[in-house]
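Have the sequence and the 3D view open side by side. This report starts at the ligand, then turns to the sheet and the backbone.

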Amino acid sequence: MLIKTATEIPTREITDESLYLKRRKFLMGAASAAGAALLPGIGHGATQDAYRQLPDVRPGPFGTDEQPTSFEDASSYNNFYEFGTGKSDPERRAGSLRTDPWTLKVGGEVGKPGVIGLESLIAPHQLEERVYRMRCVEAWSMVIPWVGIPLGDLLTRFEPTSKAKYVSFQTLFDPSQMPGQRRNVLDWPYVEGLRIDEAMHPLTILAVGMYGRVLPNQNGAPLRLVVPWKYGFKGIKSIVSIRLVEKEPPTSWNLSAPHEYGFYANVNPEVDHPRWSQKRERRIGEFFKRKTLPFNGYAEQVAHLYQDMDLRANY
Ligand code: MTE
């Protein structure tokens, strides 16, 4: 099947003029932030003001009214093994990632495969803010105001076929920009997957920003997955490829330690991680631990997706 490259897709095929203007605004924001990230002094301890504000962001559904984690914590305590395995490594080292220009390839079981620039990808959509609880498998949690678009809306544009049962995601592979990829800590590139109903669920978003601004590199700029009822490792960062597929795709943490990390990775206080409990969590910025909720508190929205499944076997 013929796959068009970004330069081959004429603008008019993608968007009308008002959306084109919005797209330019989006691009300008992203470009400035990429520049800002290169300035000396910005990096460790940078405030959110260092990142360009995203235009036209509307409040979206499903937001929690819990107190958001501070931007400083959310952007300095990260997992992004492409920049090192320490929590502070991504903030110190992710400045080497070039996020503009950026293209996403969408293929596999779709009627309209293509390679599309980030700005064209986002332009037809309304950017929404979703304040989500996020729970890491390492038993800490945060509340993050993401900015993004529902993944389902985006996938629909590429016309999934009836054979599209799962969605497979891939991070950029470029050891010159991502020095952690020179070490064998994971099989590179980082890959993740969702079942198609999980991907199409309205809670699932592709984020391009947080706290009203473009994503810091360490949080997965310029495009990352956010699935708030699953452990944080499902939130693959800096995505360059999405494929709709017939069979369950491989996922990085499952490949690396299958007994510890399953494909589903739903937040489940009843199923311990082999090396620690999942019953409680420490909200970053708080002293006392709190109880972990099934599906991270989103059971009402998503429990039905798994009603016929044994969630101990499908962890
Ligand atoms: N994506 C890539 N490409 N590489 C990674 O190492 N780490 C995952 C996930 N996405 C990771 C990734 C893990 S383990 C977690 S907990 C979340 O990103 C952390 O997201 P945050 O740093 O924005 O909180």
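The ligand occupies the largest pocket. This is a predicted model, so every value below is computed from it. In all, 15 residues surround the ligand. The closest are Asn78, Tyr81, Glu82, Arg224 and Lys237.

Which polar atoms does the ligand meet? The table lists three such pairs.

| Ligand atom | Protein partner | Distance |
|---|---|---|
| nitrogen | asparagine 79, polar backbone atom | 3.3 Å |
| nitrogen | glycine 235, polar backbone atom | 2.8 Å |
| oxygen | lysine 237, side-chain N or O atom | 2.7 Å |

Lysine 237 therefore has two entries here: its side chain supplies an N or O atom 2.7 Å from a ligand oxygen, and the residue is listed among the closest. How much of the ligand is covered? Taken alone, the ligand exposes 540 Å². The protein buries 95% of that area.

**The sheet**

Next comes the open sheet, which is built from 5 strands. Read across, the order is β3-β2-β11-β6-β7. The pairing is mixed. Which strands stand at the edges? They are β3, residues 114-117, and β7, residues 191-195. Each has a single partner strand, so one side of each is left without a neighbour in the sheet. From one strand to the next, the twist averages 20 degrees.

Strand β2 covers residues 103-108. Look at its pairing with β3 to begin with. The two strands run antiparallel and are joined by 4 bridges. Within this pair, valine 106 stands opposite glycine 114 of β3. A hairpin of 5 residues links β2 to β3.

Now look at the pairing of β2 with β11. Strand β11 holds residues 239-245. Here β2 and β11 run parallel, again with 4 bridges between them. Glycine 107 has arginine 243 in β11 as its bridge partner.

**Backbone points to check**

Most residues other than glycine have a negative phi, and most peptide bonds are trans. Three places in this model deserve a look on that account.

Where are the cis peptide bonds? One joins aspartate 100 and proline 101, with omega at about 5 degrees. Proline 101 lies in the loop between α4, residues 89-93, and β2. Another cis bond joins alanine 221 and proline 222. Its omega is about -5 degrees. Proline 222 sits in the loop between β9, residues 213-214, and β10, residues 224-226.

The remaining place is aspartate 56. Its phi is near 55 degrees, a positive value in a residue other than glycine. Aspartate 56 belongs to the loop between α2, residues 17-38, and β1, residues 57-59.

Note on methods:
Residues numbered from 1 in each chain as written. Predicted model: local features only at pLDDT ≥ 70, side-chain atom pairs only at ≥ 80, totals over all residues. Heavy atoms only, no water. Pairing = 2+ DSSP bridges. Axes fitted to C-alpha atoms, helices over the stretch in contact; angles between N-to-C directions. Near = heavy atom within 4 Å. Polar contact = N/O pair within 3.5 Å; in protein donor to acceptor, adjacent residues only side chain to side chain. Areas by Shrake-Rupley, 256 points an atom, 1.4 Å probe, with all protein chains shown as cover. 1 Å grid on protein atoms, 1.4 Å probe; cavity = no way out; pocket = protein on both sides within 12 Å on 5 of 7 lines; lining within 4 Å. Sits in = over half its atoms within 2 Å of the grid points.
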